[in-house]
Amino acid sequence: MTSYLIEPFDRLPFGGAEKARRYATERYQGAAGRNWYDCDPTLRFLMRRHLGDGFGWAEPRLKEMGALMGGPIAERAEQTDRNPPRLEKYDRWGRDVSEVVMPPSFEAARRDIVATSFTRPGFVAEAKANGVDPAPLGVAWSYLLDQADIGMACALGTGGDMVVQLTEMFAPEDVKERVRELFAAGEMSGEAAQMLTERSGGSDLGALESTASKDGDAWRVNGLKWFASNANGSAFVVLAKSEGAADGVRGIAPFLVLTERRDGTRNGVRIRRLKDKLGTRSVASAEIEFTDAEAFLLAPSSSAGQGGDGKGLARMMELTNGARLGISMMGLGCARRALVESLCYARAREAFGAPLADQPLMQRKLAELIVETEAAQALVFDGYLGRPRLRIGAALIKLRAARLGVTAASDAIEIHGGNGYIEQWPVARLLRDAQVNPIWEGGDNILCLDVRRAIERQDAHEPFLERLTQAVQQAPQGDDATAELVGERIENVRQAIAAWRGLDRTVAEARLFPLAQYMADVYAAALLLEQAGWERADSGTDRKALVARLYARTHLADAGPLRAIDAPAEDLDRFAELADGAFTGD
């Protein structure tokens with residue numbers, strides 16, 4: 001039954017029922033309204049692998065979460081995008097209240113998410129009591145949420161772990177108690193924010209101007225933060241320089257600022273204006289001014305007189321790798337949602353006498369999107385669940401996954417044609433949202449500099465290459481050529497790093513980007529081979545081996561003088577297997 005009127009042009013001489021069927025509204029269900037766990041074979045596969053015997057206990061809960069994210073949360077995300085937060089600057093007497101008013105759709109979504117989160121303390125305790133590792137479930141929760149609304153993911157998770165950990169390490173006891181109350185629902189409860197960026201620069205933190213002055217066992221912070229997300233939070237980590245400190249990176253220290261002072265009065269935290277952003281409208285980003293704001297130094301007490309021990313920024317940056325993985329997951333979430341929307345549309349939309357999904361060129365594009373998304377999925381899940389966690393991993397993973405979110409969303413718009421460029425369809429918002437991921441927590445250049453720092457100071461490439469070698473050793477029998485190719489490229493990466501270390505400093509910095517891209521290419525290929533080995537042991541099938549082979553052929557093989565035009569057409573011959581293994585649904 002249709003919900004729309006039949007128009008006169010539906011009865012024109014060259015029209016007819018068959019043509020009208022092609023644009024019947026009810027035929028075009030996208031991702032929203034589906035159970036995102038049930039329709040995702042790759043997620044189910046990874047959960048079986050990482051949860052082991054705990055999978056039986058976890059799966060009903062994963063199903064419930066899939067229905068929640070694909071249903072009410074996805075729907076409310078669209079509403080919030082159209083009705084974003086607003087700033088109530090003054091009350092009726094003209095007093096500055098700097099209150100961020102969130103739309104009802106956001107508040108309803110946040111309540112449901114926090115109440116059912118796989119990261120909340122009660123759920124974590126329940127999982128452990130049943131012998132289930134909660135870590136993979138927390139990763140699955142983020143993966144599902146990020147397909148609905150990466151702005152909400154940012155609002156819930158902006159620096160919560162950083163606030164809690166640094167507070168427990170360094171804050172006065174009464175402040176610790178207050179923070180514990182704020183985060184009773186868990187670190188992903190939307191109470192935290194990081195206040196780093198200033199007008200003087202984002203990545204160049206050494207140029208910041210915010211200043212802290214000693215005031216008993218507390219401090220007073222003054223300054224302006226230029227781009228602060230989750231401005232409606234309650235607990236902020238603020239970077240500032242203590243009076244008299246060096247005007248550079250070593251003079252920076254992190255401070256805890258709460259919206260209420262110890263005595264219960266409003267703290268000196270003023271919101272100048274909310275940012276009118278391209279996307280991620282469900283997280284309130286603002287310009288925030290601190291005026292004699294009560295603050296607490298997040299550094300050893302022995303260094304309090306000096307405003308820190310000169311290691312505050314480095315200590316905080318150690319926690320940033322977790323945040324970078326969070327942004328990587330957002331990029332993956334955008335890519336996964338773009339893939340699902342593309343498959344849904346291509347299967348329903350018809351042109352030239354057949355569905356788009358049956359056309360060879362469209363199959364090529366969709367197959368590429370499937371392979372790239374599953375490669376990013378392998379990277380992100382390894383970043384979270386691989387042990388030991390690789391020092392160099394987060395930068396490489398974000399470099400790849402954040403950018404894929406943008407390109408996948410752009411591909412989804414192209415697949416939808418003109419409809420994709422219209423805000424009533426879901427993919428336009430995807431592109432607007434995805435574009436922030438390469439910026440948050442460091443752009444590509446900053447990530448490359450972190451790769452350099454990890455190699456030069458910690459030889460972090462050695463455990464990285466060892467991890468890749470171990471992954472390739474798990475490859476299934478039967479496709480030795482792909483395993484041999486990836487194994488050769490691991491050694492080539494080792495040679496590339498050695499050659500890079502011998503370059504002139506200026507040239508070496510310019511070559512960081514292709515080096516990091518090469519490392520990410522081989523990392524993803526090795527992980528896909530490892531997953532292919534898991535799949536063979538789990539079900540005896542070889543779809544992941546196909547994905548690994550297609551990925552390695554594109555990213556690692558020598559294309560030759562014909563640019564691989566004569567390569568086997570496995571992406572077409574086995575397209576149905578690729579697509580059905582990525583998404584189950586009409």
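This passage describes helix geometry, helix packing and two unusual backbone sites in a predicted model.

Helix α3 covers residues 55-82 and contains 28 residues. From its first C-alpha to its last, α3 reaches 38 Å. That span is close to the 40 Å expected at 1.5 Å a residue. The helix is nonetheless bent: at Ile 73, α3 turns by about 35 degrees.

Helix α19, residues 543-555, packs against helix α18, residues 512-539. The two axes come within 8 Å and cross at roughly 165 degrees. Angles over 145 degrees count as roughly antiparallel, so α18 is roughly antiparallel to α19. On the side of α18, the contact is made by Ala 520, Asp 521, Ala 524, Ala 525, Leu 528, Leu 529, Gln 531, Ala 532 and Glu 535. On the side of α19, the contact residues are Arg 543, Lys 544, Ala 545, Val 547, Ala 548, Tyr 551 and His 555. By class, the residues of this contact divide into 10 nonpolar, 2 polar and 4 charged. The crossing of α18 past α19 is left-handed.

Helix α19 also packs against α16, which spans residues 480-501. Here the angle is about 45 degrees, and the axes lie 10 Å apart. An angle of this value falls outside the parallel, antiparallel and perpendicular ranges, so α16 is oblique to α19. This crossing, too, is left-handed. From α16, the contact involves Thr 482, Leu 485 and Val 486. From α19, Ala 548, Arg 549 and Ala 552 take part. The residues of the contact of α16 with α19 comprise 4 nonpolar, 1 polar and 1 charged. Ala 548 of α19 thus appears in the contact with α18 and in the contact with α16.

Two loop sites have backbone geometry of note. Most residues other than glycine have a negative phi, and most peptide bonds are trans. Arg 387 and Pro 388 are instead joined by a cis peptide bond, with omega at about -5 degrees. Pro 388 is placed in the loop between α11 (360-385) and α12 (393-416). The other site is Thr 280, where phi is near 45 degrees. That value is positive, in a residue other than glycine. Thr 280 is found in the loop between β8 (269-274) and β9 (285-297).

Conventions:
Residues numbered from 1 in each chain as written. Predicted model: local features only at pLDDT ≥ 70, side-chain atom pairs only at ≥ 80, totals over all residues. Heavy atoms only, no water. Helix = DSSP H or I, 4+ residues; strand = E, 2+ residues; numbered from the N terminus. Expected span 1.5 Å × (residues − 1). Bend = angle between axes of the 7 residues up to and from the residue. Axes fitted to C-alpha atoms, helices over the stretch in contact; angles between N-to-C directions. Parallel < 35°, antiparallel > 145°, perpendicular 65-115°, else oblique. Left-handed = near helix turned anticlockwise from the far one by under 90°. Contact = heavy atoms within 4.5 Å. Nonpolar A, V, L, I, M, F, W, Y, C, P; charged D, E, K, R; others polar.
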